[in-house]
Amino acid sequence: MSALTFAAAQLLRVLPRAGVSRVMGKLADHSWSPPVGRAVVGLYSRVYDIRFDECVKAEGWSSFDEFFTRTLRDGARPIDPDARVVVSPADGRLDSVGPVESGRRFMVKGRPYSVDELVGDPHEAARYEGGGGCVIYLSPRDYHRVHAPAGGVIRQIRSLPGDYYPVNAIGMKHVPNLFVRNRRVAIAIDTPPESGLGRITAVMVAAIVVGRITAAGIDARDVPLGVHTFEPGLPIERGDEIGIFHLGSTVVLFLESSAFRFLASEGPILYGQALSRSGAGSR
């Protein structure tokens with residue numbers, strides 16, 4: 001470990017992470033003047049190589065949050081039409097593709113995570129034993145809206161309290177059980193029986209400076225803590241928006257069905273691309 005990495009890890013332990021996130025969230029929401037907006041967006045887009053050709057607009061955002069949560073133009077992300085395919089819910093880097101092992105353990109970067117803790121409920125987690133999961137890391141340059149990996153109905157959204165450690169290489173290495181220590185919003189989707197996909201849960205994991213998370217069907221500035229049940233369920237189509245990171249982080253996706261195979265390899269991925277397919281046959 002380098003001296004710089006060690007120093008950064010020690011700073012993480014004493015930094016008022018929740019306070020920093022709240023302050024950054026308020027700054028991101030603050031309306032700016034057009035000249036300030038142009039300067040901030042110009043600098044940010046040069047540093048992170050933002051592509052505006054795929055966005056609904058390339059200028060005129062009223063705040064950093066509006067810019068950061070920018071929408072894509074229609075057709076910018078083709079959605080795989082196969083009803084038996086689970087598509088990526090977000091842009092980012094696909095990682096830690098693998099099974100949910102006995103005892104409901106899911107391995108991330110060689111470290112075991114409790115699915116019970118990730119989704120916030122042991123009974124719910126039991127669905128995924130023998131199924132599979134993956135992680136999608138969102139970088140500052142990525143599109144930060146999260147979409148339905150399959151069609152169906154949202155039955156429940158579980159908002160869990162937690163810390164705001166950074167979800168990066170330093171955080172992953174130096175913060176034990178990082179994903180289950182951070183605040184999480186778990187969105188459970190029941191797919192049609194004929195798809196063979198069962199229930200899919202997308203866990204949106206917050207991080208430092210991620211001031212808030214919003215979710216479909218919940219009219220609130222931030223998803224209130226607790227369990228939000230939809231009766232009847234909230235219908236969604238494959239690719240519909242289901243959540244937004246207001247400043248970015250990570251999605252952990254769990255698949256209930258054990259009869260699936262992953263189609264995507266670890267590395268860059270875009271929302272709408274085929275991630276896995278139910279059934280043992282080839283496409």
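## Overall make-up

The protein has 8 helices and 16 strands, and the model you are looking at is a predicted one. Of its 283 residues, 53% are buried. The accessible surface comes to about 12,700 Å², and carbon and sulfur atoms hold 56% of that.

How do the contacts spread along the chain? If you take the contacts with a separation of 6 or more, 75% of them are between residues 24 or more positions apart.

## A three-stranded sheet

One sheet worth picking out is open and has 3 strands, in the order β1-β16-β14, with antiparallel pairing. β1 (85-87) and β14 (260-262) sit at the edges with a single partner strand each, so each has one side without a neighbour in the sheet. Going from one strand to the next, the twist averages 25°.

Now for the pairings themselves. β1 and β16 run antiparallel and are joined by 3 bridges. β14 also pairs with β16 (residues 274-278) in the antiparallel sense, again over 3 bridges. To find the register on screen, start at S276 in β16: V86 stands opposite it, and so does F262. Next along, R261 stands opposite R277 in β16. As for cover, 5 of the 5 residues of β16 are buried.

## Empty space inside

Rolling a probe the size of a water molecule over the atoms shows where empty space is left. In this model the count comes to 3 cavities of 30 Å³ or more. The largest cavity holds about 40 Å³ of space.

Which residues line that largest cavity? They are V86, L197, I200, L255, S257, F260 and S276. Some of these names belong to the sheet described above: V86 and S276 are the pair that stand opposite each other, while F260 falls at the start of the range given for β14 (260-262).

## The second largest pocket

The second largest pocket has a volume of about 310 Å³. Its lining runs to 18 residues, and those nearest the centre are R77, D91, R141, D142 and L270. If you'd rather find the pocket by its strands, look at β2 and β15 (267-269), each of which supplies at least two residues of the lining.

## Backbone oddities

Most residues other than glycine have a negative phi, and most peptide bonds are trans. A few places in this model go the other way.

Where is D49, and what is odd about its backbone? D49 is found in the loop between α3 (34-48) and α4 (64-68), and its phi is near 55°, a positive value in a residue other than glycine. D49 counts as exposed, at 51% relative accessibility.

S96 is another residue with a positive phi, about 50°, without being a glycine. Its setting is a strand, β2 (residues 92-101). Is S96 buried or exposed? With a relative accessible area of 7%, S96 is under the 20% cut-off, so it counts as buried.

Then there's the peptide bond between E231 and P232, which is cis, with omega at about 0°. P232 lies in strand β11 (residues 226-236).

## H228 and its contacts

H228 has its place in β11 too, the strand that holds P232. Which residues does H228 touch once its neighbours within four places in sequence are left aside? The contacts are R155, Q156, I157, S159, I218 and V223.

R158 is worth a look here as well. H228 and R158 are 70 residues apart in sequence, yet their C-alpha atoms are 6.1 Å apart in space.

## G103 in its loop

Back near β2, G103 lies in the loop between that strand and β3 (105-108). G103 is exposed, because its relative accessible area is 51% and the cut-off is over 50%.

For a landmark when you are finding your way around this loop, try V115. It is 12 residues away from G103 in sequence, and the C-alpha to C-alpha distance between G103 and V115 is 8.9 Å.

Notes: Residues numbered from 1 in each chain as written. Predicted model: local features only at pLDDT ≥ 70, side-chain atom pairs only at ≥ 80, totals over all residues. Heavy atoms only, no water. Helix = DSSP H or I, 4+ residues; strand = E, 2+ residues; numbered from the N terminus. Buried < 20%, exposed > 50% of the residue type's maximum accessible area, 1.4 Å probe, protein only. Contact = heavy atoms within 4.5 Å. Areas by Shrake-Rupley, 256 points an atom, 1.4 Å probe, with all protein chains shown as cover. Pairing = 2+ DSSP bridges. Axes fitted to C-alpha atoms, helices over the stretch in contact; angles between N-to-C directions. 1 Å grid on protein atoms, 1.4 Å probe; cavity = no way out; pocket = protein on both sides within 12 Å on 5 of 7 lines; lining within 4 Å. Points joined across faces, edges and corners; volume = space filled by probe spheres on them.
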